[in-house]
Each structure stands twice: as C-alpha cells, then as structure tokens.
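Dear colleague,

I am passing on to you the structure shown below, together with some notes on what was found in it. Please keep it open beside this message as you read.

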Amino acid sequence: HFGSSPPRPCSFRFLPLVGMTYGVRNVVGGLALKGGDTEARKGYFGTKKPLFGAGWDKLRLCRPFIEEDGWTLSDVCTYVYGAHAGHMLDFLCAFLCYYLLYSDGSWLMEAKEWNVRWVSRIVLFNLLCETMVCNFWHYFTYVSSMYDPFVDAGLKYNPENQYEPSTGKAGMFTSSTGHLEREITFSTLGWLQSAMWQCIFTHLWASGMLPVYTDFWAYPAYSLFVLWGIAYWRETHFYFAHRGMHPWWDRESGLLSGDVGAFLYRHVHSFHHKSYNPGPWSGLCMHPVEHFFYYSCVWLPPLFISVHPLHFLYCKFHLDIAPIGGHDGMDDPGGKGDFHYLHHAKFECNYGVPFPINLDKLFGTWADWETYKATGELSVGEWAKQQMHEPEDKKRQPLLAGAAATERSWSMDEVAKHCTRDDCFLVLYGQVINITDFVSKHPGGEAVLLSNAGKDATEKFEHIHAKSGGFQLVAKWIPGGVVGELRGWNGTKPPVPSEHGLKYPGASFLFLLLAAAAAGAQLF
C-alpha cells in the first residue's frame, strides 16, 4: 500500500493493513488467491470493494498536514476508525482475556498475594494465544497448500524458503536450517515476558500500589479516548524503542564513543536480524533484553495514569500479535509488511510503521518498497545508504571445504598489496580472505573494511562480532572467500562452525510450558 509517490500509509482504502497485523481479509484473500482470483481484497471482511467509503479518498478536506497530499475524508476515517479496525484480532484476544480473568472482579482479592494458581491462569492464557494465533498464520502462509500460490504469484518478498531451502516445504515445528526452532523458542520467551508484566501489574493493582478502575463506563469519555489512543502510542513508541537499538552514528562505534545504539545492536538487537528472511514466528524472536524495551510500551503508561485492565490488555496483545503478520514475508493478501521486510533485508531503514506519522521519512531513513522493487534504488539519506546490507542468499556452504581446500600460504607483505576497493584482502585468524565483492555489501559500510584492507583485522573483528555470530559470519556472507593461510601465523585458529549449529528446543519448550501452566492453574 505504498507507491512510488509520497507515501499515504493511512489511506482508508487499505485500513486493514495499518499496523502489519492479519485478520479476516487476509484469510479470505489468501483462499481466493489459491482459487486463482488475484484481485485485491479492499473490504475489511475480504470483499473486493470496501463496505463503505470507496470514493472518500477523492474528497479533499484541507491542505497538507501529516498527510503530504492533504487530508481527505478517507484519511480522517482511517485515523479515527481504520487504524483500530485493522487490529481487531489483537482487541478480541484482549477482550477475551479480560472476560475470562478480570470481569467478575475476583482477581482484586485473589491477586493481592502472589499465588501459583492465578499466575498460572494468566500464563496459560497467553501461551494458548501464542500457540493458536502464531501457529495458524505460520500454517496458513508456509505449511498449507497456500504457500505455493503466494510464491508462484511473486508475493513472497524473498522467494527462498528460509526453513526448508532445498524442498520449499516448511514443517509446523521443525526446520532443517534451525530457524524455526530458534524463532519459536524466543517468541515463547517474549510471550512469557508479556505474561510476566501482566502478572506484575495485576498484583500492583489488586494490592493498591497503583491506581486502577474496574468500571469501564464509569468514565466513558476517558475510557474510550485512552482505548482509541493506544494505536498511536503503540506505533510511536515502537519507532523510538527500535531506532534506539540501531547505531546512532556508526556500527563500529561503542559505549566509549557514546553510541548506545551500536552497542545494543551488536549485543542485543542483532539477534532479531538473524531472521533476514522473516516468517510469522520472527516477529517476537528477540533477545530478552529487547523484549524488555519492546514491552515498555505496555508497562510505562500505568505507572503514570490510571487505566482500566482492558487498556493494558489491548496494548499488550497489540504488541504480542501485530508482529506476526508484519513479519510473514508475504505481500497482500499476506501481512504486507513490505516496508519492514526492507528493514530486515537492508538493516538501516524503515525503523517504524509509517503511522500515525512517517518518522522514517522525517529523519531520512524511509525506503519505499515499490520504488525499490521497480528501480533497485533506496530513497534514503546518505548515512542510511552507507549502513545498508545487501543480503546474498548463497550463504550456506561452509567457509572451509576442508583444510586442504586452500593450500597457498601468503606473507603479510603479499596481502598488503591487495588494499584497494577493487582488490581487497584482509586476514582473520590467519586466514587470508578476498572480500572484494563484499565491500559494497557490508552492513557497516565500506569505510571500515577499506581501512583494514591488506591488514590483519582479527582483533577489530572479534570486538565487533564476537557476540553476533563470530567467524561464522564469514561463512555466511563470503562463501569461498578464503584464498589461503598467512605464513607464520601463531595466533588463534578460526573456530570451525558445527554442521548443524546451535539447537533450540522450539515447540517442545512451548508445549512443556503449556503443560506446566495448565497444571499450576488446576492443582494449586
């Protein structure tokens, strides 16, 4: 829903897409696509035309402000209604949670003291939501017969199947690449932290440590206004929380240079970017420290204002569920998180959702997907271009095909001659690596590589990448790049990547927690 003209991310014509979530329209559109019907579904319930307001985008109301082409009746409806209707699934989960766990008021007495029973009920509800909502969309877009129509229609942004690249047939819980197990494991940790914040604030409210009110309609204007404002707070908070975990001025910087963002990216947020080709389980696959910053969206407001539990729950489930569709890697009728896919593919652009204000465009980091797809050009500032990452999908062969694969030995003087942009070598762990073709694609920009051209860069490499993949990054991004060994090298030998890499428990972890929460809710 973003053209090559200035973005109109909030047009009422596309109201279900605001916020990167999924809903009825996506399911109906997907089933229609499977049947050969490729016409866009613009209505909220999957109708080809909007239920109302089809011509409202032509009714111009005022001059440009936020909306660059001026405000239309369509824009007004989107800001008032559409941005919230698009998150109906999030709200329904929040309402169901409120109805089951809060509506009778018994929690006000029970949660005054910490107790395994009420805590387990909250954890169980959250894990059941994760199991049903995440698994459904993963099944629909990757496991079921829907996957092939998406790929055949060119709607998968990266056509390679990230879970089963050789067969293209993803499983529900396991993958040959290990990506799915990692994503399920850390998404589950995210839902657990989300449930933890729910438990903490339930106890704080029940014990009178923080203000809360239980009659939503006792203050109708206030209650509705806060509920309405959650979408605006949520997306604005996401931009700044996310932007703060990317380099503030250079990826090679660190805490000593004041670049907290580069430090957080290196040690925390880079874990999320392992999903450079994302799927539905990628959305909450974050380092637990990033979960803390991400969920500050839900625990900050109740520290300062009185809220109803439904306010808290809607914001919380908005955080839990919205990333699923936005990370599915599929164009409409998938989640259509095209702008965020570009962020995963290029790193330093599109940090936020272009709603309610396109802050990326304001700060020079907005890259329009349609423009990029048509021209290969990124409409961002020079700083962002320097930081971009061009992923190559020829990454899976090991760095060393065997110790004898490169028998030539090099002197440091010979390596030093390869120090130009068009002929660039460097040394890592005594291995001489030809990085010429990778220089322009380096996520940290060309300058850092060229400044180390013809030199031993082991120490700097370890400093930057020890916690974000280490020497395996070379195998990932420069397969076949080793051209020999440095003669007389007495330092550390390169760590050899294991055949299968680090294993994560994945679905077994989720199901074990589900069983434990169910037992806690019944037995205590």
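**R121 and its surroundings**

R121 is partly exposed, with a relative accessible area of 27%, and I begin with this residue, bearing in mind that everything described here comes from a predicted model. E110 is likewise partly exposed, its relative accessible area being 26%, and the two residues form a salt bridge in which the closest N and O atoms are 2.7 Å apart. The pair links distant parts of the chain, since E110 belongs to helix 4 (residues 107-110) and R121 to helix 5, with their positions 11 residues apart in the numbering.

**Helix 5 against helix 21**

Helix 5, which covers residues 116-143, also meets helix 21 (residues 507-523), and their axes come within 8 Å and cross at roughly 145°. The crossing is left-handed. On the side of helix 5 the contact includes R121 itself, along with V116, L124 and L128 among others, while helix 21 contributes residues including L510, F511, L514 and A517. Sorted by class, the residues of this contact are 12 nonpolar, four polar and three charged.

**Other salt bridges**

A search of the whole structure finds 12 salt bridges, and two of them share K336. In one, the side chains of K336 and D331 meet at 3.0 Å, N to O; in the other, K336 is paired with D338 at 3.4 Å, again N to O. How accessible are these partners? K336 counts as buried because its relative accessibility, 8%, is under 20%, and D331 is buried too, with a relative accessible area of 10%. For the other pair, both D338 and K336 are buried. Elsewhere, salt bridges that share partners join D37, E39, R41 and K48 into one network.

**How far to trust the model**

The mean pLDDT of the protein chain is 86, and 89% of its residues reach 70 or more. There are, however, stretches to treat with care: pLDDT stays under 50 over residues 390-406, for which the model has 35 contacts beyond four places in sequence. It also stays under 50 over residues 496-501, a stretch for which the model has one such contact. Where pLDDT is low, the predicted coordinates should not be read in detail.

With best wishes

Note on methods. Residues numbered from 1 in each chain as written. Predicted model: local features only at pLDDT ≥ 70, side-chain atom pairs only at ≥ 80, totals over all residues. Heavy atoms only, no water. Axes fitted to C-alpha atoms, helices over the stretch in contact; angles between N-to-C directions. Helix = DSSP H or I, 4+ residues; strand = E, 2+ residues; numbered from the N terminus. Left-handed = near helix turned anticlockwise from the far one by under 90°. Contact = heavy atoms within 4.5 Å. Nonpolar A, V, L, I, M, F, W, Y, C, P; charged D, E, K, R; others polar. Salt bridge = Lys/Arg side-chain N within 4 Å of Asp/Glu carboxyl O. Buried < 20%, exposed > 50% of the residue type's maximum accessible area, 1.4 Å probe, protein only. pLDDT = per-residue confidence, 0-100.
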